[in-house]
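Dear colleague,

I am passing on a structure for you to look at, and my notes on it follow below. Please read them with the model open beside you.

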Amino acid sequence: MADALLSVENLSKSFGDKMLFDNISFGVNAGQKTALIARNGYGKSTLLNILTGTVLPDDGRVTFAASTRMAYLPQNPVTDGRMTVRQYVYSAHPHENEDEWAFEQRVEEVLSRLKITNLDKQLNQMSGGEQKKVALSRILLDDVNFLILDEPTNHLDITMIEWLEEFLAKQRLAILLVSHDRYFIDHVCDDIIELDNSQLYRYRGDFAYYIEKKAEREAIEKAEVEKARSLYRTELEWMRRMPQARGTKSKARIDAFYDLQSKARTRFDEEKPELSVKTERIGGKILELYNITKRFDGRMLLDDFSYVFKRGEKIGIVGPNGIGKSTLLNIMTERERPDSGRVIVGQTIQFGYYTQSGLKEKDDKRVLDIVKEVAEVIDLEGGKKMTAHQFLSYFGFDDTSQYNYFGNLSGGERRRLYLLKVLMANPNFLILDEPTNDLDIYTLQILEQFLRGYKGCLVIVSHDRSFMDHIVDHLFVFEEGGVIRDYHSNYTDYMLDRERRRKEENAVRREEKPQYERPKSSKRKATYKEQKEYESLTNEIESLNNEKQQLETTLAGSADQAAVIDASKRIGEVISLLDEKELRWLELDEIVNG
């Protein structure tokens with residue numbers, strides 16, 4: 001049996017009349033990597049706060065093993081603002097038996113990957129996003145065996161996210177992770193637990209497997225609820241007659257009635273219909289950019305960029321933070337002037353621009369009133385209409401939330417409200433700058449569905465690769481020196497193509513080694529011992545890969561709980577062994593076949 005680092009037993013928590021979770025139990029074993037997902041407001045953060053001891057449960061028990069060394073990254077870390085980056089990061093504990101030089105090397109790698117450069121800056125002089133990156137770097141350096149991470153990819157660009165998921169996937173750590181990034185979940189986690197209707201469900205597989213099994217579960221539950229509702233009507237008539245007999249059988253039937261009533265009142269989220277807002281007609285001229293050049297602080301952000309936008313196209317923008325993506329959007333919407341070049345906006349174009357700066361409203365205004373200021377009725381395609389109330393409901397604002405005051409909304413709710421204001425104004429050229437931050441997975445799927453049906457021009461900046469893959473036709477890829485490359489496919493294809501080109505460049509560099517390194521004719525031959533080690537490693541790597549496939553099959557579909565637990569422990573060891581042996585195999589391959 002794998003070592004359990006965390007055990008949660010019969011945990012319950014409610015706020016007022018709202019039950020967040022009721023009698024839930026689960027565990028996290030050594031080396032197990034688990035994603036926790038739920039709609040906003042369903043109790044994810046509350047559950048994490050209970051696990052980390054900042055909130056008490058109503059009932060149940062949380063137990064950490066004596067061997068557990070846990071670190072927690074909340075969505076908004078609270079740090080001692082007087083500390084410098086250097087002081088905070090170096091307060092991490094080096095791993096056991098790790099010398100100072102090795103720790104320094106790890107610090108340098110993590111900070112460079114997260115682009116943290118000014119180590120003497122005080123934390124209270126940094127933005128919330130910068131502080132979260134510093135907090136993330138510290139826990140990645142700490143000597144722990146269990147990480148709890150709440151939206152770790154927020155404020156990271158795609159390059160950082162790709163590095164982080166590779167880093168976490170290779171670590172022999174237990175991880176409990178909250179994230180809206182579906183690709184990140186798939187690359188890092190072994191299984192998924194979901195909070196839904198106060199209950200907890202576990203799925204041992206990737207996100208696609210979770211979607212499939214969740215649909216199967218809900219279909220079974222809906223059939224059970226329909227059966228309960230039919231029986232409930234019969235039992236309700238019996239209860240209304242108020243039987244006078246109070247015998248054992250009668251009391252048992254009354255108790256069973258209340259259980260049946262609870263089951264019959266179970267609600268399911270209905271399938272969202274396809275929704276497409278009516279956009280104003282776009283004329284022949286849309287948006288044209290000619291020879292756009294822009295510098296900032298001596299750095300070239302845009303270098304002679306030209307593009308003529310076409311009707312109905314959907315473009316994704318990717319590139320590191322600070323490279324000039326938002327600058328291009330501001331120039332397109334004429335909020336900022338280029339140093340040189342021309343911007344021509346068609347007369348029929350109505351921009352809808354969702355910026356990172358957020359929504360500014362008075363705290364005493366209600367959500368529904370804020371939306372009604374844009375429109376009380378939204379025109380849809382096909383002559384249909386939707387009220388402001390219905391539009392809010394479609395995007396997850398229930399009746400209570402709609403009458404809440406703006407000042408009481410969370411950061412995520414404010415961003416979602418801002419997004420709705422932009423969408424419902426019926427723009428025919430929509431620009432979204434990082435719209436996915438603070439949205440849960442369910443809201444993201446609704447937004448994806450909405451944008452796929454959108455008839456106008458669409459430009460999106462996002463670090464969510466799954467979101468981009470599902471929506472855009474092609475990419476503007478920002479590179480250093482102000483270069484923007486137009487890549488005609490989705491992000492996954494771009495990433496694979498980039499990796500292929502990197503390997504080809506490495507192969508060319510190997511071919512072009514300087515003559516002084518060692519003439520090919522004088523290449524050292526492999527010793528007998530090295531040849532035998534090479535052959536042995538080849539067989540071991542093949543065997544380990546076969547074992548890894550078998551373990552993944554067990555994790556994805558086995559009903560044997562003990563086998564799944566053993567597999568979740570072993571797969572981390574196998575991956576670590578593969579990394580180690582493949583590295584040595586590459587070294588020997590250079591000698592044997594180089």
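In this predicted model, helix H3 runs over residues 100–113, and its 14 residues reach 20 Å from the first C-alpha to the last, which is close to the 20 Å expected at 1.5 Å a residue. Just before the helix, Asp-99 caps the N-terminal end of H3, with a side-chain oxygen lying 3.3 Å from the backbone nitrogen of Trp-101. After the other end comes Lys-115, whose phi is positive, near 55 degrees.

Which residues of H3 are buried? They are Phe-103, Arg-106, Val-107, Val-110 and Leu-111, and because they cover an arc of only 120 degrees around the axis, they lie on the same side of H3. It helps to recall that an α-helix has 3.6 residues a turn, so residues three or four places apart point the same way. The buried residues of H3 pack against helix H2 (85–89), helix H4 (128–141) and helix H5 (158–170), whereas the face turned away from the buried side carries Trp-101 and Glu-108, which are exposed.

A second place to look at is Asp-190, which is found in the loop between helix H6 (182–188) and strand S8 (191–196). Asp-190 is buried and yet has no salt bridge: the nearest side chain of opposite charge, that of Lys-33, is 5.7 Å away, while a salt bridge would need the nitrogen and the carboxyl oxygen to be within 4 Å. Leaving aside residues up to four places away in sequence, Asp-190 touches Gly-31, Gln-32, Lys-33, Arg-204 and Gly-205.

With best wishes

Conventions
Residues numbered from 1 in each chain as written. Predicted model: local features only at pLDDT ≥ 70, side-chain atom pairs only at ≥ 80, totals over all residues. Heavy atoms only, no water. Helix = DSSP H or I, 4+ residues; strand = E, 2+ residues; numbered from the N terminus. Expected span 1.5 Å × (residues − 1). Buried < 20%, exposed > 50% of the residue type's maximum accessible area, 1.4 Å probe, protein only. Arc of directions from axis to C-beta. Contact = heavy atoms within 4.5 Å. Polar contact = N/O pair within 3.5 Å; in protein donor to acceptor, adjacent residues only side chain to side chain. Lys, Arg positive; Asp, Glu negative; His and termini not counted.
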